[in-house]
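Grab a pencil and work through these short exercises. Try each task yourself before you read its solution.

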Amino acid sequence: MVQYMGLPVIAVAVLGGVIGYFYTVLLNNNSAPQAAGDGTAAAVVDDDEEDF
C-alpha cells in the first residue's frame, strides 16, 4: 500500500492495527459458547476473585 497508493508507513500500520482489533473483537464475540437449547446450559463459573 505504501508503494501503490503512496501512503506513509505509519498510516498503513495504524490501518492494520484497526483491522486487527476489529477482527479479534468479532472473532471473540462469535466464539462464545452457545446454550444447548434443552435446558442443560453449562454453569457459569465466576472466578474473578481468584485472578489476584
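**Exercise 1. How many helices and how many strands are there in the chain?**

Keep in mind that you're looking at a predicted model.

- Step 1: Go along the chain and you'll find 2 helices and 0 strands.
- Step 2: Pin down where they sit: helix 1 covers 2-5, and helix 2 covers 9-30.

**Exercise 2. What share of the residues counts as buried, and what area does the chain expose?**

- Step 1: A residue needs under 20% relative accessible area to be called buried.
- Step 2: Of the 52 residues, 0% count as buried.
- Step 3: Now take the chain's surface: about 5,100 Å² is exposed, with 62% of that supplied by carbon and sulfur atoms.

**Exercise 3. Where is M1, and which residues does M1 touch?**

- Step 1: Start with the place: M1 lies in the segment before helix 1.
- Step 2: Check its cover. The relative accessible area of M1 is 48%, so M1 is partly exposed; the exposed label would need over 50%.
- Step 3: List the contacts. Leaving out residues up to four places away in sequence, M1 touches G6, L7, V12 and L15.
- Step 4: Compare sequence with space. M1 and V12 are 11 residues apart along the chain, and their C-alpha atoms are separated by 7.1 Å.
- Step 5: Do it again with A11, a residue of helix 2. A11 is 10 residues from M1 in sequence, with 9.7 Å from C-alpha to C-alpha. At a relative accessible area of 35%, A11 is partly exposed.

**Exercise 4. Which residues make the nonpolar surface patch?**

- Step 1: Pick out the members: M1, Y4, M5, L15 and I19.
- Step 2: Add the area, which is about 610 Å² for this patch.
- Step 3: Ask where the members come from. Helix 1 and helix 2 each supply at least two residues of the patch.
- Step 4: M1 belongs to the patch too, but its place is in the segment before helix 1.

**Exercise 5. Which residues form an aromatic pair, and is the pair stacked or edge-to-face?**

- Step 1: Count the pairs: there is 1 aromatic pair.
- Step 2: Name the partners, Y21 and F22, whose ring centres are 5.4 Å apart.
- Step 3: Look at the angle. The planes are 65° apart, and the pair is edge-to-face, since planes over 60 degrees apart get that label.
- Step 4: Finish with exposure. Y21 has 52% relative accessibility, so Y21 counts as exposed. F22 has 49%, so F22 counts as partly exposed.

Methods. Residues numbered from 1 in each chain as written. Predicted model: local features only at pLDDT ≥ 70, side-chain atom pairs only at ≥ 80, totals over all residues. Heavy atoms only, no water. Patch = residues over 30% accessible without salt bridge, like charges linked within 9 Å, V, L, I, M, F, W, Y side chains within 5 Å. Areas by Shrake-Rupley, 256 points an atom, 1.4 Å probe, with all protein chains shown as cover. Salt bridge = Lys/Arg side-chain N within 4 Å of Asp/Glu carboxyl O. Helix = DSSP H or I, 4+ residues; strand = E, 2+ residues; numbered from the N terminus. Buried < 20%, exposed > 50% of the residue type's maximum accessible area, 1.4 Å probe, protein only. Contact = heavy atoms within 4.5 Å. Phe/Tyr/Trp six-rings, centres within 6.5 Å; stacked < 30°, edge-to-face > 60°.
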